[in-house]
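Biologist: Hi! Could you walk me through this protein? I'm new to reading structures, so plain words please.

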Amino acid sequence: MLKVQIFKGEVAPFSFKLSAESFFSEDFLDNGKFIGDLEISGETVNENANVVIRGEIKCCKKFNCDRCLSEATENQIHEFEEEIDSAEIVEDLIDITDLVRDIVISSQPIQSLCKTDCKGLCPICGQNLNDGECNCERLSVDPRLAPLMNFK
């Protein structure tokens, strides 16, 4: 559990470093998992009836590219700011485990790419087009429109 200390009327810094494999005990993503260390740092600010927690999470994700299927890694930084009701504070401590997990999971892209301009695979022969072009004819014509190819 990641518990953060709260000081009344003050700013309290916090910092955690733990294994991503132990924090994310099971593979919860269809494509990829987190590797290395998860670094969480930030501060809590006690403002009257609420506490504001802000900081950043650094992690590394290992995955297969959605276009070319090659293995890749991506270093990620997720910034967050969350307001917590003081009713959730127990003995001047706030458990931010679920908050950190939710931020990392919800910040994942819909499509994981090895690079932004990934060319993917040839639909005919399956060659990775990032490694070079193939000689396949990829122009496919709808058979219903094929007679239009005869017009000059």
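Biologist: Let's start with contacts at a separation of 6 or more: what percentage of them comes from residues 24 or more positions apart?
Modeller: That share is 56%. Keep in mind that we're looking at a predicted model.

Biologist: Good to know. How many helices and strands are there?
Modeller: The protein has two helices and six strands. Going along the sequence, they come in the order β-β-α-β-β-β-β-α.

Biologist: And what part of the protein is buried?
Modeller: Of its 152 residues, 32% are buried. The accessible surface is about 10100 Å², and carbon and sulfur atoms account for 47% of that surface.

Biologist: Let's zoom in on helix H2. Which of its residues are buried?
Modeller: Thr 97, Leu 99, Val 100, Ile 103 and Val 104 are the buried ones in H2.

Biologist: I see gaps of three and four in those numbers. Why might that matter in an α-helix?
Modeller: An α-helix has 3.6 residues a turn, so residues three or four places apart point the same way.

Biologist: Nice. What covers those buried residues of H2?
Modeller: The cover includes helix H1 (20-23) and strands S3 (33-47), S4 (50-64), S5 (71-85) and S6 (93-95).

Biologist: Can we take one residue from S5? I'm curious about His 78.
Modeller: Sure, His 78 is in strand S5. Its relative accessibility is 8%, so His 78 counts as buried.

Biologist: What does the side chain of His 78 make a polar contact with?
Modeller: The partner is the side chain of Gln 76, at 2.9 Å.

Biologist: And which residues does His 78 contact beyond its neighbours within four places in sequence?
Modeller: Here the list is Gly 55, Glu 56, Ile 57, Cys 59, Ile 103, Val 104, Ser 107 and Gln 108. Two names there, Ile 103 and Val 104, are also among the buried residues of H2.

Biologist: Cys 59 is on that list too. How many disulfides does the protein have?
Modeller: The count is zero. Cys 59 is in no disulfide, and the nearest cysteine sulfur, in Cys 60, is 7.7 Å away. Cys 59 is also buried, because its relative accessibility is 4%.

Biologist: Remind me what a disulfide is?
Modeller: A disulfide is a covalent bond between the sulfur atoms of two cysteines.

Biologist: Then why is Cys 136 not bonded to Cys 125?
Modeller: The two sulfurs are 3.6 Å apart, which is too far for a bond. The cut-off for a disulfide is 2.5 Å. Cys 136 counts as partly exposed because its relative accessible area is 24%.

Biologist: New topic: the segment after H2. Where does Leu 129 fit in?
Modeller: Leu 129 is in that segment. With a relative accessible area of 9%, Leu 129 is buried. Leaving out residues up to four places away in sequence, Leu 129 touches Lys 119, Gly 120, Leu 121, Cys 122, Cys 134 and Arg 138.

Biologist: How about Leu 113: which residues does it contact outside its neighbours within four places in sequence?
Modeller: Those are Phe 63, Cys 65 and Arg 67. Leu 113 is in the segment after H2 as well, and it is partly exposed at 22% relative accessible area. Its C-alpha atom is 7.8 Å from that of Asn 64, although the two residues are 49 apart along the chain.

Biologist: And Ser 112, is it buried or exposed?
Modeller: Ser 112 is buried, because its relative accessibility is 7%. Its side chain makes a polar contact of 3.3 Å with the side chain of Lys 61. Ser 112 also lies in the segment after H2.

Biologist: Now the outside. Which residues make the nonpolar surface patch of about 650 Å²?
Modeller: It is made by Leu 139, Val 141, Leu 145, Leu 148, Met 149 and Phe 151. Val 141 sits in the segment after H2 and is partly exposed, at 37% relative accessibility.

Biologist: Last one: what is unusual about the phi of Leu 69?
Modeller: Leu 69 has a positive phi of about 65°, although it is not a glycine. Most residues other than glycine have a negative phi. Leu 69 is in the loop between S4 and S5, and at 56% relative accessibility it counts as exposed.

How values were computed. Residues numbered from 1 in each chain as written. Predicted model: local features only at pLDDT ≥ 70, side-chain atom pairs only at ≥ 80, totals over all residues. Heavy atoms only, no water. Helix = DSSP H or I, 4+ residues; strand = E, 2+ residues; numbered from the N terminus. Buried < 20%, exposed > 50% of the residue type's maximum accessible area, 1.4 Å probe, protein only. Polar contact = N/O pair within 3.5 Å; in protein donor to acceptor, adjacent residues only side chain to side chain. Contact = heavy atoms within 4.5 Å. Areas by Shrake-Rupley, 256 points an atom, 1.4 Å probe, with all protein chains shown as cover. Patch = residues over 30% accessible without salt bridge, like charges linked within 9 Å, V, L, I, M, F, W, Y side chains within 5 Å. Salt bridge = Lys/Arg side-chain N within 4 Å of Asp/Glu carboxyl O.
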